[in-house]
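Please load the model in your viewer and keep the selection panel at hand. The stops below are given in the order in which they may be selected.

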Amino acid sequence: MKKHWILALMLTVAMLLLTGCECRHKEWTEAECTHPRTCAKCGETEGEALGHDWVDATCDAPQTCSRCGATLGEPIGHCWKGATCENPKTCEVCGATEGEPVGHVWMDATCAAPKTCAVCGATEGECTDHSWAEATCENPKTCEVCGLTEGEALGHQWTQATLNMPAVCSVCGAIDGTALDYTYAGHGTVKWNETGYIPFYTAESEESELICSIPVGTELRCYFPKTAGWYCTTYNDQCGYIQSTVMNQLINENPTDTSHANSDRTFDMKTIANASIGSKVQFGQFTLNSEFITKKTSPIEWIVIDKSANKMLLLADRSLECLPFSDQKTNTSWETSTLRKWLNNEFLNTAFSSQEQNYIMSTTLTNAANPNSGTAGNGTTDKVFLLSYDEFFKYLNKTQHATTTITYYALWHRKGALSGMPSAYWLRTTGVSDGTACEVGTNGYPVTNYCTDVTTRRDVRPAIWVSVP
């Protein structure tokens with residue numbers, strides 16, 4: 001019986017195989033990207049899978065199928081453009097932003113431009129008014145910000161050049177030319193005449209402007225101008241010209257006053273002795289300003305630059321003269337220089353009384369070679385001397401005393417700029433080549449390589465060692 005049942009089952013299966021599936025395929029699932037159309041009951045398929053419908057990758061998303069959402073690869077990433085004054089960091093592809101704008105960096109408005117961003121050039125508001133500087137002798141009215149000008153310069157108002165002063169603008173103090181280069185003729189008295197006076201002219205001509213009338217008997221100091229038959233002189237603080245025939249008792253003489261040198265002029269050596277390094281003291285007298293017209297002198301001011309228990313080193317606060325280092329260009333040294341002879345003779349005896357000279361010490365000086373080249377000179381013993389190159393660096397380098405100015409009297413010999421202007425002064429160290437010597441420039445630094453011709457005039461700043469009680 002059992003065998004019959006098994007046989008019947010096998011026959012049924014065989015018949016089914018021979019006759020095919022009996023499913024009527026009424027429940028289909030539609031084709032998808034990866035699957036064809038499929039019978040939901042029996043799994044039979046029909047046609048092909050649709051395939052993916054890819055959408056290009058973006059900054060934030062990879063390549064993506066528009067039907068099924070499948071992805072492929074990676075997002076391309078943002079293409080950032082840096083933040084600006086007005087916009088934040090921005091993607092140039094999708095427009096996405098990040099952060100904040102950096103903001104404008106404003107520069108204040110000027111007369112030439114309104115308020116302006118230093119980064120992007122954006123502007124805001126209007127230009128300001130000009131900041132005008134009033135017209136001067138040499139410049140028109142000028143905006144101090146943008147340089148715009150209006151009108152014309154005022155022009156200088158020149159005073160007449162005098163014996164010790166060049167022409168000077170009475171408005172701004174500018175200098176034109178030099179002081180009158182006249183040779184001293186002497187002094188004398190105005191001759192008697194019927195009118196009782198003589199004319200005083202602005203120029204060497206009776207056709208020039210009359211300044212005033214000088215009374216008979218007036219004593220005048222006179223100088224030889226360029227025109228024969230005339231004298232240049234000063235009267236009531238004005239410089240002008242008189243005819244030479246109106247003078248008598250005219251005596252040639254040196255305009256430097258030396259009459260005080262042998263006097264017993266009083267001075268306080270204890271006050272000098274108590275002065276500290278860097279301070280100033282008064283010792284001796286010399287013609288400093290325009291006093292050579294009236295034969296007067298003033299106290300010399302010195303800077304204390306070194307000090308010990310019983311002596312101190314004094315350096316003239318200003319340049320007192322303007323002279324050549326030497327009158328010859330060959331075999332020149334401090335030992336043989338005419339400037340050394342002048343300092344230890346004429347200057348010593350002119351500037352100091354016999355009592356003052358008792359305090360001035362004889363000093364043994366070493367005269368080393370120029371630091372760049374040259375030959376050392378012999379040692380000398382002097383009462384008055386110039387600083388050497390080495391002493392300059394020891395006492396003055398990079399101090400306020402490295403620079404100085406010139407006196408009016410030295411100006412009279414220099415024939416240069418006004419008193420009070422920077423002074424280039426000699427050192428006693430010779431130059432790298434024969435016939436030259438070192439100097440300290442107006443900038444306060446010594447010139448040692450390209451030195452100065454010894455026959456050239458340079459300013460003189462004496463130094464002395466004095467004994468103190």
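The tour goes from the whole chain to single residues and then to the enclosed and open spaces.

**The whole chain**

Begin with the entire chain, which is a predicted model. Displayed as a cartoon, the protein chain shows six helices and 36 strands. Of its 469 residues, 37% count as buried. If contacts are drawn between residues at least 6 apart in sequence, 49% of them join residues at least 24 apart.

Next, colour the chain by pLDDT. The mean over the protein chain is 82, and 87% of the residues reach 70 or more. Select helix H1 (residues 2-19) for the lowest confidence, a mean of 56; then select strand S31 (residues 384-385) for the highest, at 96. Residues 253-264 deserve a separate selection, as the pLDDT there is below 50. This stretch nevertheless has 33 contacts in the model beyond near neighbours in sequence.

**Thr45**

Move to strand S3 (residues 45-46), where Thr45 is located. Is Thr45 buried, partly exposed or exposed? Its relative accessibility is 46%, so Thr45 counts as partly exposed. Show the residues around Thr45: leaving out those up to four places away in sequence, Thr45 touches Trp28, Pro36, Arg37 and Thr38. A distance label between the C-alpha atoms of Thr45 and Thr29 should read 9.3 Å, for two residues that are 16 apart along the chain.

**Ser208**

Now select the loop between strand S19 (197-201) and strand S20 (210-215), which holds Ser208. Ser208 has a relative accessible area of 17% and is therefore buried, the cut-off being under 20%. Draw the distance from the side chain of Ser208 to the backbone oxygen of Ser205: a polar atom of that side chain lies 2.6 Å from the oxygen. Apart from neighbours within four places in sequence, the contacts of Ser208 are with Tyr201, Thr202 and Ala203.

**Lys398**

Continue to the loop between helix H5 (389-395) and helix H6 (408-414), and pick out Lys398. What is the phi of Lys398? The angle is positive, about 60°, although Lys398 is not a glycine. For context, most residues other than glycine have a negative phi. Lys398 counts as exposed because its relative accessibility is 80%, and the cut-off is over 50%.

**The cavity**

Switch to a surface or void display. A search of the whole structure gives one cavity of 30 Å³ or more, and the largest cavity has a volume of about 40 Å³. To see its lining, select Leu315, Leu386, Leu387, Tyr425, Trp426, Leu427 and Arg461. Which element gives the most to this lining? Strand S32 (residues 425-430) does, with three residues. Classed by residue type, the lining has six nonpolar residues, no polar ones and one charged residue.

**The second largest pocket**

Keep S32 selected, since the largest share of the lining of the second largest pocket, three residues, also comes from this strand. This pocket has a volume of about 330 Å³. Of the 23 residues that line it, Thr332, Ser333, Thr375, Ala376 and Thr430 lie nearest its centre. Add strand S29 (363-367) and strand S30 (377-382) to the display; together with S32, they are the elements that give two or more residues to the lining. Colouring the lining of this pocket by class gives four nonpolar, 16 polar and three charged residues.

Key. Residues are numbered from 1 along each chain as its sequence is written. Side-chain values use heavy atoms; hydrogens and water are left out. On a 1 Å grid over the protein atoms alone, a cavity is a set of points where a 1.4 Å probe fits but cannot get out, and a pocket is an open set with protein on both sides within 12 Å along at least five of seven lines; lining residues have an atom within 4 Å of a point. Grid points are joined across faces, edges and corners, and a volume is the space filled by probe spheres set on the points. Helices (H or I, at least four residues) and strands (E, at least two) are DSSP runs, numbered from the N terminus. Ala, Val, Leu, Ile, Met, Phe, Trp, Tyr, Cys and Pro count as nonpolar, Asp, Glu, Lys and Arg as charged, and the others, Gly among them, as polar. Buried means under 20% relative accessible area, exposed over 50%, partly exposed in between (1.4 Å probe, protein chains only). pLDDT is the predictor's confidence in each residue, from 0 to 100. Contact means heavy atoms within 4.5 Å. A polar contact is a pair of N or O atoms within 3.5 Å; within protein, one must be able to donate a hydrogen and the other to accept it, and residues adjacent in sequence count only if both atoms are side-chain atoms.
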